Amino acid sequence: MRTKELAFALLHPLLAVCVGLLAGALAIWVVGASVIETYAELWKGAFGSFYFFTNTLTRATPIILIGLGVALAFRAGFFNLGAEGQMVLGAVSAALTALYLPGPGWVKLIAALLAGFLAGGLWSILAGWLDAAFRLNLLITTLLMNYIAALFAGYLVTEPFKDTSGSAAMAQTPMIDNTVWLPKLFSGMSLHAGFLIAVTAAILLYLMIRSSSFGYEVRVLGYNPSFAAYGGIRRTRVMLWSMLISGGLAGLAGTVEVLGMQYRYIDGALTAPGYAWTGLMATLLANSHPLGTAAAGILLAALETGAMGVERNTEVPLEIASVIQAVLILFVSVKFSYSFWKRKKGRGSHGTTA
């Protein structure tokens, strides 16, 4: 990738956020609050102290991992909208592995990370196989499989693996032993080693796409499927591997949340914050560039944690962040639709490729 392309990928999220902040300023002005004071509180809530900064990075961790997975699928020219289901299955698989696998804590920790990656990856590759075998549209199958995954995970923690101690009112697994927890990076802070995993994954994915033969096949298939087929690149093989890694990263997002934050699987705790859709937004903002996706993930997380500070200290409601995110979605939708229209006009439709 050229330096100009990297600079553009990193600049684009900043430009989109600026547009969103301008729209947010208009909304704040309409409700009669001070724009400067509100945005000062937004900044303080996200970066105002080391404690708030680490909270922002903690929230960004699953967003980055999910965004990286979606970015790889998009790079290869495929839609993967099933990150939420893949994240949920990865989380519940990691929790059950950590709970019931015998052995020392470090063995359970490694096994849980692998189990979370494989659960998300295999769930994703199933959608790829349905596309390859039956030409079922990936956009539809990955989206619908989210519901199956969430309901199945809910059943597991409601019936066979439910924590029956205490009040037993919540659908959740028992608490994982603390020897299997991901270590905290700073004492008294919420930031855990999952953030290092996310940063490492972003760098590795960037190098893989840039330098490896598989990355070359991914890029060619994403840019021009017809040329890829002419050059002997097998679409099904690249798609299945891309979906495996894409879903695996989403599964890893759920895994680090369970092992680093919640220490058990709680039904609905991963779907309610909307990590999957924020990760998708980060990918689109960064034009599917791995490092740009990581930067966009941190910016979007800062927007969410900063909005909590705004609600605590001003009369402006938390929904101001929703207004800004809605503008970001509009910004991304226009850009994405225009790009899709240009590609479709240039080479016509190619099945389920993005």
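Visitor: Is Phe-47 buried, partly exposed or exposed?

Guide: This is a predicted model, where local features need pLDDT of at least 70, side-chain atom pairs count only at pLDDT 80 or more, and totals for chains, interfaces and linings use all residues. Residues are numbered from 1 along each chain as its sequence is written, and side-chain values use heavy atoms, leaving out hydrogens and water. Buried means under 20% relative accessible area, exposed over 50%, and partly exposed in between (1.4 Å probe, protein chains only). Phe-47 has a relative accessible area of 25%, so the residue is partly exposed.

Visitor: Which class of aromatic pair do Phe-47 and Phe-53 form?

Guide: Rings of Phe, Tyr and Trp (its six-membered ring) pair if their centres lie within 6.5 Å; planes under 30 degrees apart count as stacked, over 60 as edge-to-face and the rest as tilted. The ring centres of Phe-47 and Phe-53 are 6.0 Å apart and the planes stand at 45°, so the pair is tilted.

Visitor: How many residues apart are Trp-43 and Phe-47 in helix H2?

Guide: Helices (H or I, at least four residues) and strands (E, at least two) are DSSP runs, numbered from the N terminus. Helix H2 covers residues 35–47. About one helical turn separates Trp-43 and Phe-47, because their spacing in this helix is four residues.

Visitor: Which residues form one aromatic cluster with Trp-43?

Guide: Trp-43 is exposed, at a relative accessible area of 55%. Phe-53 is partly exposed, at 32%. The cluster joins Trp-43 with Phe-47 and Phe-53.
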